[in-house]
Amino acid sequence: YVRWFERPENRSFDLYHAHDGISGNALATLKQAGLISGFVRTVHHIDAFADARLQVLQERSIRDADALMTVSELWRRRLAEDFGREAAICGNGVDLEKFSTGDGDALRTRWRLGAGPVFLAVGGVEARKNTLRMLEAFAMLASDLADARFLIAGGASLLDHGAYQSEFRAALDAMGALADRIVLTGPVADADMPALYRLAAALVFASVKEGFGLCVLEAMASATPVVVSRMAPFTEYLGEGDALFCDPYDPASIAAAMRAALWPDEAARRRARAIAASHSWRAVAQRTLSLYRRLREPAHA
C-alpha cells in the first residue's frame, strides 16, 4: 500500500478510506509523511491480539484516523469508551436481488451432502465464531437427524487460529463416525454464496464477537432461517421472532435453536426477507457520503 501511494501519479484522490488495520496503518504512514492530508477508518470490530506489536498497530490505525465509522452501536460505544473517539454508524447492507436466487443442487453434489438438512456456519474455525460449541450443538442433534450435515464454509484469515483449530480437530477425532457428517469447505467463491445459503436448512451464527454479522442479512435475504447469539450487535437489528436466539456459551441452547429452525413457516420467511430489505447498500452509501462531504479536500500532489 505504502509503496503504491508514495508514487505521485497514484494519489489523485479526494479522500482515503481504510476498512482494516493493515490499510489503516499504511494510510497513517502516508499521512505522517505528508503525502496525504488524512483518512477515514471504518472499524468493523476490535481484535484482542496476543502479539503486542499487532495491538499497537491496530490502535494506531484507529487513533490516527481523521474520522471513524463503524457498523453497529456496540462498536460505536466501545470506540468512545476505549479510545475517546466518536464514530458515525454506517451500518451494513445486503443485495436482495443477488440472494433471491440460487440452486444448491450442484453444491450438494460437490460436497456430498446428501438430501438431508444442512446446518451452515460461515467464517471458518475461529474462537470468535464459536465453532467448537456449534460443533458440540450439532452432535447433540445428530442422533435424531441421521441425515443432517454441519457445513463450515470459509476460513481464509491473516491471523493465526492454529491453537483453536487444533482443539477443533481433536474434537472431530473424538466424534468417531459422526465426523463424516462435518464438512469444512475452506474459502467459497462469492458467486456460490447465494446457492449455499439457499441449500441450508439454517445459518448457525452463534458468534461471541462480531462487528455486525453481515452473513445474517445474506441468509435472511435468501429466506433462510438464522440462529444467532442473544447479544449485541444482533439484538440491535433483530427482535423476538426475527431469528432463533441462543446463548452462545451453552451448546444445548444452540442445539435447541438449531432444531427449532428446521420448521420455519412462510410468514417467518417473508419477515426475514423484509428485514433484509430494510438494510440496503444505498442507505449505507448515503450515510457514508455525508461523512465524505465533510472531509473532502483535494489530495496532495
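**Two helix pairs and a pocket**

Helices α6 (residues 131-142) and α7 (residues 162-173) pack at about 15°, and their axes lie 10 Å apart. Because angles under 35 degrees count as roughly parallel, α6 is roughly parallel to α7. Their crossing is right-handed, that is, the near helix is turned clockwise from the far one by less than a right angle. In this contact (heavy atoms within 4.5 Å), T131, L132 and L135 of α6 meet Y164, E167, F168, A171 and L172 of α7. Six of these residues are nonpolar, one is polar and one is charged.

The model is predicted, and its local features need pLDDT of at least 70, side-chain atom pairs count only at pLDDT 80 or more, and totals for chains, interfaces and linings use all residues. Residues are numbered from 1 along each chain as its sequence is written, and side-chain values use heavy atoms, with hydrogens and water left out.

A second pair is formed by α2 (residues 21-32) and α3 (residues 52-63), which pack at about 65° with axes 8 Å apart. The crossing of α2 and α3 is left-handed. From α2, the residues G21, G24, N25, A28, T29 and Q32 meet L57, Q58, R60 and S61 of α3. This contact holds two nonpolar, seven polar and one charged residues.

The second largest pocket (an open set of points on a 1 Å grid where a 1.4 Å probe fits, with protein on both sides within 12 Å along at least five of seven lines; lining residues have an atom within 4 Å of a point) holds about 190 Å³ of space. Among its 15 lining residues, P225, D242, L244, P264 and A268 lie nearest its centre. Helix α12 (residues 266-277) gives the most to this lining, with three residues. The lining comprises eleven nonpolar, two polar and two charged residues.

Key. Points joined across faces, edges and corners; volume = space filled by probe spheres on them. Helix = DSSP H or I, 4+ residues; strand = E, 2+ residues; numbered from the N terminus. Nonpolar A, V, L, I, M, F, W, Y, C, P; charged D, E, K, R; others polar. Axes fitted to C-alpha atoms, helices over the stretch in contact; angles between N-to-C directions. Parallel < 35°, antiparallel > 145°, perpendicular 65-115°, else oblique.
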